[in-house]
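The questions below go through the ring contacts, the cysteines and the backbone of a predicted model. Each answer works its way to the value or name that was asked for.

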Amino acid sequence: GLVSWDTTATMNGCLTGLVGITAGCATVEPWAGFVIGVVSGWLYLLGSRLLIKFRIDDAVDAIPVHMFGGAWGVISTGLFTAPRRLPVAFGGMTEHVGWFYSWGRGSTDFTLLGI
């Protein structure tokens with residue numbers, strides 16, 4: 001089909017990336033912030049299509065931007081929190097690192113899942 005550029009989707013995808021990184025901005029590395037932002041943008045596109053599929057009216061796509069981006073931001077903080085950044089952000093606390101970093105320490109605690 002015909003490929004077109006949607007400026008509104010582009011701006012809302014960027015905004016969703018900003019919403020997603022807000023939760024863990026003090027505790028994640030820059031590369032992780034990039035990953036969080038990119039995944040947030042894709043989640044915006046998925047959320048916007050889901051709203052259309054379920055016939056939920058959201059004229060400015062605020063639900064996909066804030067709900068999907070915010071939920072991913074909270075989950076991604078639990079995944080990507082770096083041990084090097086915790087003391088700077090929270091004054092010496094280093095035991096609650098992200099899930100991926102806890103695997104690197106040899107721990108397989110599933111604190112993200114609440115188990």
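Q: How many aromatic pairs does the structure hold, and which residues do ring pairs link into a cluster?
A: The count of aromatic pairs in this predicted model comes to three. Ring pairs join residues into a cluster, and its members are Trp31, Phe80, Trp99 and Phe100.

Q: What is the geometry of the pair formed by Trp31 and Phe80?
A: The ring centres of Trp31 and Phe80 are 5.9 Å apart, and their planes meet at 85°. Because planes over 60 degrees apart count as edge-to-face, the pair of Trp31 and Phe80 is classed as edge-to-face.

Q: How many residues apart are the two partners of this pair, which links distant parts of the chain?
A: Trp31 belongs to helix H2 (residues 30-53), whereas Phe80 belongs to helix H3 (residues 62-80). Trp31 is partly exposed at 49% relative accessibility, while Phe80 is buried at 8%. The pair thus links parts of the chain that are distant, with a separation of 49 residues.

Q: Is Asp61 buried or exposed?
A: Asp61 lies in the loop between H2 and H3, and its phi is near 55°, a positive value in a residue other than glycine. Most residues other than glycine have a negative phi. The relative accessible area of Asp61 is 14%, and because buried means under 20%, Asp61 counts as buried.

Q: Which residue in the loop between H2 and H3 has a phi near 60°?
A: The residue lies in the loop between H2 and H3 and is exposed, with a relative accessible area of 79%. Its phi is positive although it is not a glycine, and the residue is Arg55.

Methods. Residues numbered from 1 in each chain as written. Predicted model: local features only at pLDDT ≥ 70, side-chain atom pairs only at ≥ 80, totals over all residues. Heavy atoms only, no water. Phe/Tyr/Trp six-rings, centres within 6.5 Å; stacked < 30°, edge-to-face > 60°. Helix = DSSP H or I, 4+ residues; strand = E, 2+ residues; numbered from the N terminus. Buried < 20%, exposed > 50% of the residue type's maximum accessible area, 1.4 Å probe, protein only.
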